Amino acid sequence: MLAAMAQENPNPAYALERALRDEVLIVIDEAGRLLGSNGNATSELLGVLSYLRNRLSLRGRILLLSDVVIERDRWSEVFPIKSLSAPSIPEAVELLTDRLATSGHPNAVPTERKADLVRILGQNPRAIETLVATLTFESLDEVIGHEPSMWEVNDRAMSPEFLEALERRLLERTLSHLQPVQLRHLSMLAVHRKSFESSAFEAVTSGARKEWRDLRHNLVSRFLISLRLQWHALNPLVREISLSRLRENTAEFKTAHSLAADHHMRHFRAKSIVLDHQNLTNSYAELRYHLFNAERTQELRDVALRLCDHFTTTWKANSPVPQDRAELDERIGVLSTLLQDEGPKSLEYYLARCLKTRGNPRDLQKAVIHVSRATDGNGLAAAWLSAPK
């Protein structure tokens with residue numbers, strides 16, 4: 001339903017608003033991707049929430065699920081926020097039993113030891129899956145015997161730092177059993193900052209269907225990569241470890257970013273750019289990041305020029321500024337991403353007008369930068385800021 005609505009109007013706020021007119025519950029998994037590293041909402045999410053919050057007649061509800069801690073701030077104080085507690089010991093034991101059976105090693109952990117193990121792991125589902133992945137290669141006694149002090153059963157509190165350290169040790173042991181070519185492919189996938197499609201596996205392998213499907217199966221079955229609705233994401237610690245290894249090889253690092261850039265470039269090589277502004281913003285931001293790291297600077301300039309040409313035919317310096325907050329945030333997002341370096345004066349001036357209209361903290365400071373570029377820094381910025389919108 002949402003997909004059909006999005007085709008009619010690509011603005012996510014509009015699509016959600018139409019769906020929420022009915023008594024429905026829309027669950028958005030991995031909503032942490034819509035939050036910054038500090039737990040605050042991105043401008044895109046703020047625009048959607050602001051748009052929906054002012055429509056009190058809506059009968060539906062949205063549930064955002066996130067593994068990022070949401071900070072209480074002005075934007076979030078009006079929304080109920082709940083933290084999920086860890087599964088109970090019996091629930092965690094059931095999860096461990098299920099994952100062991102799925103992995104093909106149902107007897108890798110004796111029944112009488114399961115409760116102690118899941119308690120040491122803080123009943124953390126991801127840590128439990130990481131242990132199961134490790135037991136694919138080693139026995140439980142070998143895993144514990146490597147660092148017995150970390151597996152002592154006592155009354156200590158399982159702090160987040162302890163759990164992360166333990167999970168990291170388990171992951172490092174799992175990664176040590178991968179074949180060199182699998183490690184190389186995993187490291188190359190780690191440059192993706194966001195979820196990616198199956199085509200990313202094709203890019204890092206020879207492209208042969210069996211090869212990339214085998215790679216995906218091995219990485220997903222060992223819980224190194226998660227798969228949800230055709231989108232793949234690396235375990236955060238796996239990505240961190242893999243990136244650290246990749247940075248040690250400059251040539252591999254550039255190659256990985258170059259392949260990722262090609263993945264995003266397909267939207268900009270077409271004869272006409274047909275993506276909606278939100279997806280165009282996200283794709284260009286990722287393309288810019290990968291092209292920069294691949295040192296393909298000329299292509300980065302070419303894409304930026306093409307986008308500028310695309311938008312200068314859409315928006316002029318005196319084009320109307322959107323009054324709808326979600327649409328305004330979206331427009332500021334795409335132009336801010338594109339105009340990180342100086343661009344056409346008409347777009348610079350139009351972005352400055354949009355920022356001034358929105359009026360968020362620091363928007364005026366940003367607007368001064370763009371209006372100064374638009375006027376060649378001839379001193380008109382101060383007068384412009386004191387003028388009416």
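Which helices each supply at least two residues of the lining of the second largest pocket? In this predicted model, they are α14 (277-293) and α15 (297-312). The largest share comes from α15, which gives 6 residues. In total, 14 residues line this pocket. Those nearest its centre are R301, A304, L338, D341 and E342. By class, the lining holds 7 nonpolar, 3 polar and 4 charged residues. The space inside the second largest pocket comes to about 210 Å³.

L338, one of the residues nearest the centre of that pocket, belongs to helix α16 (residues 325-338). This helix has 14 residues, which should span 20 Å at 1.5 Å a residue. Its end C-alpha atoms are 20 Å apart, so the model agrees with that expectation. Helix α16 is mostly covered, with 11 of its 14 residues buried. The buried residues are A326, L328, D329, E330, R331, I332, G333, V334, L335, T337 and L338. Charged side chains appear in this set, including D329, E330 and R331.

Helix α4 was examined next. It covers residues 89-103, 15 residues in total. From its first C-alpha to its last, α4 reaches 21 Å, close to the 21 Å expected at 1.5 Å a residue. Its buried residues are A92, V93, L95, L96 and L100. Seen down the axis of α4, these residues fall within an arc of 160 degrees, so they line one face of the helix. The general geometry of a helix is relevant here. An α-helix has 3.6 residues a turn, so residues three or four places apart point the same way. The cover over the buried residues of α4 includes α5 (111-120) and α6 (125-134). On the other side of α4, P90, E94 and T102 are exposed. Just after the helix, G104 takes a positive phi of about 90 degrees.

Enclosed space was also searched for. The whole structure contains 2 cavities of 30 Å³ or more. The second largest cavity holds about 50 Å³ of space. Its lining consists of V143, E147, M150, W151, L166, R169, L170 and R173. Helix α8 (residues 160-176) gives the most to this lining, with 4 residues. By class, the lining of the second largest cavity has 5 nonpolar and 3 charged residues, with no polar ones. The charged residues are E147, R169 and R173.

Technical notes. Residues numbered from 1 in each chain as written. Predicted model: local features only at pLDDT ≥ 70, side-chain atom pairs only at ≥ 80, totals over all residues. Heavy atoms only, no water. Expected span 1.5 Å × (residues − 1). Buried < 20%, exposed > 50% of the residue type's maximum accessible area, 1.4 Å probe, protein only. Arc of directions from axis to C-beta. Contact = heavy atoms within 4.5 Å. 1 Å grid on protein atoms, 1.4 Å probe; cavity = no way out; pocket = protein on both sides within 12 Å on 5 of 7 lines; lining within 4 Å. Points joined across faces, edges and corners; volume = space filled by probe spheres on them.
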